[in-house]
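The following questions ask how particular descriptions of a model are justified. Each answer sets a computed value against the criterion it has to meet.

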Amino acid sequence: MDLMFCGAARTVTGSCFLLRDSSNVLIDVGMFQGSVEKRNHRHFPFNPSEIDCVIITHSHLDHIGLLPKLVKQGFDGVIYSTKVTKEIAEYMLRDSAKIQEEEAYTQTKKNLRKGLPKVYPLYTEEDVEMCFKLKWVCKEEFYIDDMHVKFGNSGHILGSAFVEIEADKKIVFSGDVGEPNRPIIKDTEYPDKTDYLVVESTYADRNHKSVEESIQELKDAINDTFGRGGNVLIPSFALERTQEILYILHRLYHSNEIPECQIFLDSPLAIDITQVFLKHPELYDKETLNEFRKGNPFYIPNLQFTRGVEESKEINEVKNGAIIIAGSGMCNGGRIKHHLKHNLWRDECSVVFVGYQVKGTLGRRIVDGAKKLRIYGEDIAVRAKIYTINGFSAHAGRDYLIEWSCRSDADKIFVVHGEFDKNLMLANALSNMGFECAIPNWLQSFELA
Ligand SMILES: [Zn+2]
Ligand SMILES: [Zn+2]
């Protein structure tokens, strides 16, 4: 058995691991984002038609975003995931294809004017459709030849899983690990004893504040901003973070901790995914299930779902007292960029970051303290108050990552899915506890004997 690290090696994004045994199995086939996104256009380091199956841990694009490219280039095997991962993946990939097509169209226009060639999208909506025509198996436990495969709840987003694969040797892929006591979803489970562990390390350098502290920070940010006469912008990932924020706003409103105000969910993708969440109360924790039994846990009076572009533009007229939730979560595209253009230069407004900002994105530049930014060809001053609330993170902090990794009692641990300094911090902590660790390089292979 051998294992090749085709992505998320010394970087956060692009999760993709090739396990070669009696079958060629890919675990995730994620998109690279931020400063490494050029890698999406390279050839896969394997022949897609020789891959027998793909196991998907969860529906974030850094884990599934290159699936349509894989299919387009010849993969026609079986896809395994949880049921909800498949449901959400369809929305995520269609949205991703639309972005790819729009970007290629814009770039082509620019190129042709310069006498340069046409640009093609990584994949189109038709390529996404092909992914869902393939055999897709949604079971918690199954066999691939003599490999026994089992999903465990990784507590990261709705439907997310870690994967245990057992043949001669046993290997666990963490996917992304969430910390317990998160809003909405059930708590993370631990892996059983394994020979090898591949573990994420996104936040290996810090522990997060508790969710309760973060809710307090969000509440204060909203009330302060309304006191100053501005709007609150929340760049939010359409999947999970948006539903958590809606659920928290629902609770804050019903306990009279925030005033009645206009709330815009300005993201067709987030609106669709919120509907998926409503269909799966079986995945909620006890508290959310109780709320669900009383009514819609994401409902707040004056919450408007703005699907159309015209409705979205009308939000520009609202100068104060509104909460605007829009994507993308890292501000590198989507409707949030328009809202930033209209609000970022106003010191009475606020931008509240509730998610991880990858290096090289507009969001990261704002968080890192940029004073001026170029948005849609205009220089925009950054005068709004910037809040970074990290306790909503869908990723485990340092202590829990260490605890989770220890529970696997692995003979060897591969540290992935993190910037290199974070890889090192987790690897050092685990080495000091007696574990053998490696930090794989991109495209490096290991024999698992
Ligand atoms: Zn994830
Ligand atoms: Zn990830």
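Q: What is the order of the six strands in the open sheet, and how do they pair?
A: In this predicted model, the order is S14-S13-S15-S12-S16-S19, and the pairing is parallel. From one strand to the next, the twist averages 20°.

Q: What makes strand S14 and strand S19 edge strands?
A: Strand S14 (303–305) and strand S19 (385–388) each pair on one side only.

Q: How do you know that S16 and S19 pair?
A: Pairing requires at least two bridges between two strands. Four bridges join strand S16 (residues 350–353) to S19, and the two run parallel, so the criterion of at least two is met. In one of these pairs of residues, Val352 has Tyr387 of S19 as its bridge partner.

Q: Which helices lie across strands of this sheet?
A: Helix H7 (residues 268–279) lies across strand S13 (262–266) and S14, at about 95° to S13. Helix H10 (residues 336–343) lies across S12, S13, S15 and S16, and runs at about 150° to S12.

Q: How do you know that the length of H7 agrees with its number of residues?
A: Twelve residues at 1.5 Å a residue should span 16 Å, and the end C-alpha atoms of H7 are 17 Å apart, which agrees. Buried residues of H7 include Leu269, Ile271, Ile273 and Phe277; what covers the buried residues includes helix H3 (83–114), helix H6 (241–254), S13 and S14.

Q: Why is Glu200 called buried?
A: Buried means under 20% relative accessible area. Glu200 has a value of 0%, and is therefore buried. Glu200 lies in strand S11 (residues 196–200), and is in contact with residues including Ser174, Val177, His395 and Leu426.

Q: What makes the approach of Glu200 to Val177 a polar contact?
A: The side chain of Glu200 reaches the backbone nitrogen of Val177 at 2.9 Å, and the limit for such a pair is 3.5 Å. The two residues are 23 residues apart in sequence and 7.2 Å apart in space, C-alpha to C-alpha.

Q: How do you know that Cys261 is in no disulfide?
A: A disulfide needs two cysteine sulfur atoms within 2.5 Å. The nearest cysteine sulfur to Cys261, that of Cys349, is 14 Å away. The count comes to zero disulfides.

Q: Why is Cys406 not bonded to Cys437?
A: The sulfur of Cys406 is 9.5 Å from that of Cys437, the closest cysteine sulfur, so the distance is too far for a bond.

Q: Which of Cys261 and Cys406 is buried, and which is partly exposed?
A: Cys261 is buried, at a relative accessible area of 7%, whereas Cys406, at 22%, is partly exposed.

Notes
Residues numbered from 1 in each chain as written. Chains lettered and ligands numbered in written order. Predicted model: local features only at pLDDT ≥ 70, side-chain atom pairs only at ≥ 80, totals over all residues. Heavy atoms only, no water. Axes fitted to C-alpha atoms, helices over the stretch in contact; angles between N-to-C directions. Contact = heavy atoms within 4.5 Å. Buried < 20%, exposed > 50% of the residue type's maximum accessible area, 1.4 Å probe, protein only. Polar contact = N/O pair within 3.5 Å; in protein donor to acceptor, adjacent residues only side chain to side chain. Expected span 1.5 Å × (residues − 1). Lists of a residue's contacts leave out its neighbours within four places in sequence.
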